[in-house]
Amino acid sequence: MTVKQEWAMTPPTVTAIIDGIRVTVPPGTLIIRAAESIGIEIPRFCDHPLLEPAGACRQCLVEIAEPGPDGKLRPYLKPQTSCSMVLTEGMVVRTQVTSKVAERAQRGIMELLLINHPLDCPVCDKGGECPLQNQAMTTGQADSRFTEAKRTFEKPLTLSTEILLDRERCILCQRCTRFSDQISGDPFIELQERGARSQVGAFDPEVLDFDGYAPTGLAAEDESGRPFSSYFSGNTIQICPVGALTSAGYRFRARPFDLVASPSIAGHDSSGSAIAIEHRRGKVLRVLAGNDPEVNEEWITDKDRFAFPWSSLDDRITRPLVRGEDGELREATWPEALARAADGLREAVSGARSKGVGVLPGGRVTLEDAYAYQKFARVVLGTNDVDARSRIAGDEEEAFLGSRVAGSGLGVTFADLEAAPVVALIGFEPEDEGGVVFLRLRKARGRQKVFTFAPFVSRGNAKLDATLVPTVPGLEGAALDSIRRGSGTVGDVFDGLSQEGAVLVVGERLAGVPGGFTAAVALADRTGARLAWIPRRAGERGAVEAGALPGLLPGGSSAQSAEAREGVARVWGVSGLPLAPGRAAYDILGLASSGGLSGLVVGGLTLSDLPKTLANGIAKAPFLVSLEVRLSDVTAHADVVFPVAPSSEKAGTFVNWEGRLRPFTAALQTSALSDHRVLDMLAREMGVTLGTPTVEAVTAELARIPIDDSLRPPPPSASGPSAAEAARRAKATTLATWHALIDQGSLQDGEPFLAGTARVPVARMSPATVAALGIEGRVLKVSGPGRGTISLPLAVTPGMVDGVVWLPMNSPGSTVARTLGVAHGDTVSVKGSES
Amino acid sequence: MTRADVPFVSNLPRKGAAGRFFAPVAGFGVTMRNIFRRPKTEQYPRQKLPTEPRYHGRHQLNRHPDGLEKCIGCELCAWACPADAIYVEADSNTPEAQYSPGERYGSVYQINYLRCIFCGLCIEACPTRALTMTNDYELQGPTREGLIYEKQDLLAPLAPGMLLAPHPMVPGTTDADYYRGDVTQAVRKQIDWVRENRPDDPSLPEVHHG
């Protein structure tokens with residue numbers, strides 16, 4: 001028995017000989033990886049550790065002998081591809097290092113690959129970092145025996161506005177097509193033609209010699225009109241081993257040897273993807289994916305990759321601005337601007353008719369900035385009115401965040417998400433709102449069951465083979481409550497979530513649903529599933545940790561607890577913290593628009609995300625201090641504007657949705673200051689030592705904040721809409737909406753090539769709803785309580801919940817909050833039109 | 001015995017009697033020999049002598065025979081430069097602004113002559129023979145900025161038959177035709193294009209009336 005146990009505890013291994021060196025690896029290891037493990041590099045192009053083996057380029061040929069049934073070594077008659085062959089017990093492998101045959105085979109393959117490869121390295125973007133160029137130098141030969149004309153293609157082929165394809169450079173390794181198929185699930189490029197005419201391409205009727213056909217299936221679903229519109233298409237450029245795929249934004253802009261690569265963290269979503277910011281003479285030229293196996297592996301979204309020009313546009317603020325006597329903003333010195341802001345805030349806080357000051361840091365803040373904003377509010381301004389959630393956010397969400405998220409450290413991780421047998425998504429669209437979260441879920445496809453509480457199966461969810469739990473927007477709570485042991489989908493969800501390791505993912509939209517978080521927590525407790533909160537913006541989890549929420553102190557304790565306030569006050573060295581309960585961001589803005597506040601301190605807030613009535617609050621605030629990177633509709637109303645650094649120009653920490661700290665340093669050395677430094681100077685001007693001048697100072701102070709689980713706020717307990725309300729909604733048309741990954745967000749400004757890959761905005765309705773409402777025409781006009789109307793092409797979506805219309809939240813022609821003044825779950829009126 | 005106690009002994013061969021006699025004026029021998037020869041002094045800047053033909057002087061960015069630039073902005077010159085004196089930025093040619101044959105051209109081209117050591121590695125690196133060196137050695141100026149030569153300072157003058165870029169390539173040709181030397185001068189269509197888009201361009205040929 002002991003022997004058996006021992007056998008069970010030792011992982012099985014395979015021992016073989018590579019180039020005379022004994023190597024022991026787990027079974028199933030490819031020969032090329034086993035060789036890597038002993039430091040032998042076999043040349044390769046198509047092999048990629050995160051893609052399935054293809055054996056497409058044939059560059060990695062090696063000589064192999066394997067023991068036969070009689071135990072005698074039997075050599076293979078021809079060299080074999082080491083990237084697609086598994087090492088077996090007793091195998092003898094000879095690579096180019098020891099085998100003339102392998103060396104000659106590799107040399108021959110290289111010569112064949114170079115036959116049709118153009119000699120345009122000087123104009124090729126890959127030149128200087130090109131695996132083909134490098135390996136042609138190491139394992140190729142300098143002279144070509146090929147004197148005939150090379151095959152040429154029209155170049156470049158525009159796969160999308162961002163991705164360009166030079167087919168003549170392609171060596172048909174199929175990394176891009178395999179990525180699109182296996183990783184992102186957007187199989188819009190594929191190998192076409194045969195033999196010497198083999199080429200990668202999108203659906204191009206000219207290339208394919210088609211006439212009168214159009215894309216069908218998933219490809220037809222792509223309303224952008226161009227076939228290769230994937231949110232992850234930029235990754236194909238990075239893994240292309242030649243310069244066949246290039247991006248329109250970077251094409252011909254620089255050579256690899258010009259660029260300085262600074263590792264950093266992406267700030268476009270809450271995943272905290274590792275990236276490398278590559279810059280030249282103080283200007284960012286491109287962003288590449290970093291390699292972090294625990295977080296984003298080697299992939300990033302196109303938004304993380306291409307949306308960086310926003311911070312170097314002409315409207316960048318470089319010096320403080322102060323509103324002069326004439327009502328116009330003018331440039332001022334730092335001392336003048338600080339004095340002016342300090343005077344104004346002092347008057348707003350302690351003046352004769354003071355009504356208090358609110359602080360809105362915005363959702364893009366780093367942990368350190370969020371900490372400085374909330375400390376500034378609580379210590380300098382004496383208020384709890386600070387909220388980094390610049391979206392619909394209520395007390396229920398805060399109770400959830402305080403009781404379940406804040407200070408909980410690393411919770412559900414990407415690896416947990418991948419390993420989960422069942423994942424249920426509520427108020428969360430993984431592809432649009434999660435980015436690389438989607439890629440992790442897709443990686444588990446086939447082993448994992450995904451349920452989505454949504455009105456329809458979006459394209460992203462379809463790629464996850466997700467099962468729809470039909471949910472009316474605004475009634476997510478009821479849908480969650482209905483999950484019980486039983487039969488049908490409801491029972492499947494219950495059984496699934498009851499499995500070991502199941503995860504319930506909640507997104508930011510659940511905050512706008514009364515009773516939503518209460519029901520989510522109840523469901524998680526009922527089934528034993530783990531809860532993961534995945535917000536959309538990069539800074540939200542950090543803001544929760546830093547206490548930049550009205551009811552939460554740093555460390556997750558409740559601002560209503562006297563003991564918690566005392567503990568934090570002791571660390572801060574102040575006599576006490578404000579008592580009055582704080583207000584959420586929308587309430588602060590609502591109060592400001594009705595004249596109920598004397599001032600506002602605003603960080604990275606975009607007014608176009610807000611309903612007009614709330615956006616007016618910015619204009620109505622008697623004294624407005626803005627900390628911004630670029631001129632915006634907030635700075636237009638500000639009395640004092642301080643320029644602050646974008647994340648590429650400052651150090652800081654993002655906390656990703658897992659609760660993982662993602663620290664980064666400044667990629668570009670500029671004089672731009674972080675928000676926490678500006679607030680520190682402003683506080684000093686007002687006679688208070690905030691103690692947030694550097695990242696190190698904030699980190700040290702955060703470490704001293706006491707964390708006491710007994711001081712957390714109570715878990716959320718709110719009731720959903722009443723039965724009467726639910727019945728009323730059943731009759732009305734309800735709006736479902738979320739932000740598309742690529743939309744009109746202000747951090748995507750200045751990148752028209754990326755904007756061109758966005759999905760074309762459409763309005764979605766079920767066929768039955770279209771029929772019931774008597775909608776005619778190709779365009780749907782949607783209106784709400786706001787004055788405006790949104791007109792979008794109608795996409796009739798089978799299988800969608802009846803009585804629901806879906807619009808993209810902030811896409812061209814569809815700014816839901818600003819135009820309609822409504823949010824997810826509100827009722828709207830619709831009518832059809834021909835144009 | 002210390003070093004100071006060792007008497008000095010010269011290694012030079014001891015001179016004979018005549019040698020010792022003329023020793024005080026022997027140094028004037030070179031002077032006396034040259035005093036009757038033609039002086040080599042150059043009267044620069046009044047008189048400028050031609051350099052050797054392959055002298056490494058100021059750089060030049062050459063043009064194709066129709067006036068398009070040869071530089072494709074590949075930066076190999078900048079890469080080869082041991083003194084980091086060259087700065088290049090490339091950009092895409094467009095139908096509206098075609099500066100060089102093919103897709104890519106050098107939009108920014110700077111050589112810093114405060115750094116350049118005239119080694120010529122850059123012209124060896126140039127894949128299109130766009131960059132060569134002239135015999136011009138007169139590089140001086142009162143400011144640092146002035147010694148950073150920009151693209152317009154380095155571009156070769158227009159030879160007959162050339163048109164100032166940007167203008168389209170010769171119709172029906174590819175960049176390969178340019179490199180093979182099949183393009184010999186600007187053609188009618190290119191002249192018409194420049195006349196339409198830049199009527200005042202000085203490189204346009206005179207219009208002969210009547």
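## Chatting through chain A

Q: Let's start with one cysteine: does A:Cys46 count as buried or exposed?
A: A:Cys46 counts as buried, because its relative accessibility is 2%. Keep in mind that this is a predicted model.

Q: Then why isn't A:Cys46 bonded to A:Cys57?
A: The two sulfurs are too far apart for a bond: A:Cys57 has the cysteine sulfur closest to that of A:Cys46, and the gap is 3.8 Å. A disulfide would need the sulfur atoms within 2.5 Å.

Q: How many disulfides turn up over all chains, then?
A: A search of the whole structure finds 0. A:Cys60, for instance, is in no disulfide either, and its nearest cysteine sulfur, in A:Cys83, is 3.7 Å away.

Q: And where does A:Cys60 sit, buried or exposed?
A: Buried, with a relative accessible area of 1%.

Q: New topic: how many aromatic pairs are there?
A: There are 17 over all chains. One of them joins A:Phe414 and A:Trp657 edge-to-face, with 5.0 Å from centre to centre and 65° between the planes.

Q: Which parts of the chain does that pair link?
A: Distant ones, 243 residues apart. A:Phe414 belongs to helix α12, residues 414-419, while A:Trp657 lies in the loop between strands β26 (652-655) and β27 (661-664).

Q: Are A:Phe414 and A:Trp657 buried or exposed?
A: Both are buried.

Q: Which residues form an aromatic cluster with A:Phe456?
A: A:Trp738 and A:Trp806 do, and together with A:Phe456 they make one cluster.

Q: What sits over the ring of A:Tyr231?
A: That would be the charged end of A:Arg759, 4.1 Å from the ring centre. There's also A:Lys449, whose charged end sits over the ring of A:Phe451 at 5.4 Å from its centre.

Q: Zooming out, how many helices and strands are in chain A?
A: Chain A has 28 helices and 35 strands.

Q: How does the radius of gyration of chain A sit against that of a compact globule?
A: The values agree: chain A has 29 Å, and a compact globule with 835 residues would be near 28 Å. Along the principal axes, the C-alpha atoms fill a box of roughly 95 × 70 × 60 Å.

Q: What share of chain A is buried?
A: Of its 835 residues, 59% count as buried. The accessible surface comes to about 32700 Å², and carbon and sulfur atoms account for 54% of that.

Q: Last one: what share of contacts join residues at least 24 apart?
A: It's 70%, counting contacts in chain A between residues at least 6 apart in sequence.

Definitions and conventions:
Residues numbered from 1 in each chain as written. Chains lettered and ligands numbered in written order. Predicted model: local features only at pLDDT ≥ 70, side-chain atom pairs only at ≥ 80, totals over all residues. Heavy atoms only, no water. Phe/Tyr/Trp six-rings, centres within 6.5 Å; stacked < 30°, edge-to-face > 60°. Helix = DSSP H or I, 4+ residues; strand = E, 2+ residues; numbered from the N terminus. Buried < 20%, exposed > 50% of the residue type's maximum accessible area, 1.4 Å probe, protein only. Lys NZ or Arg CZ within 6 Å of the ring centre and 35° of its normal. Rg over C-alpha atoms; globule rule 2.2 N^0.38 Å. Contact = heavy atoms within 4.5 Å. Areas by Shrake-Rupley, 256 points an atom, 1.4 Å probe, with all protein chains shown as cover.
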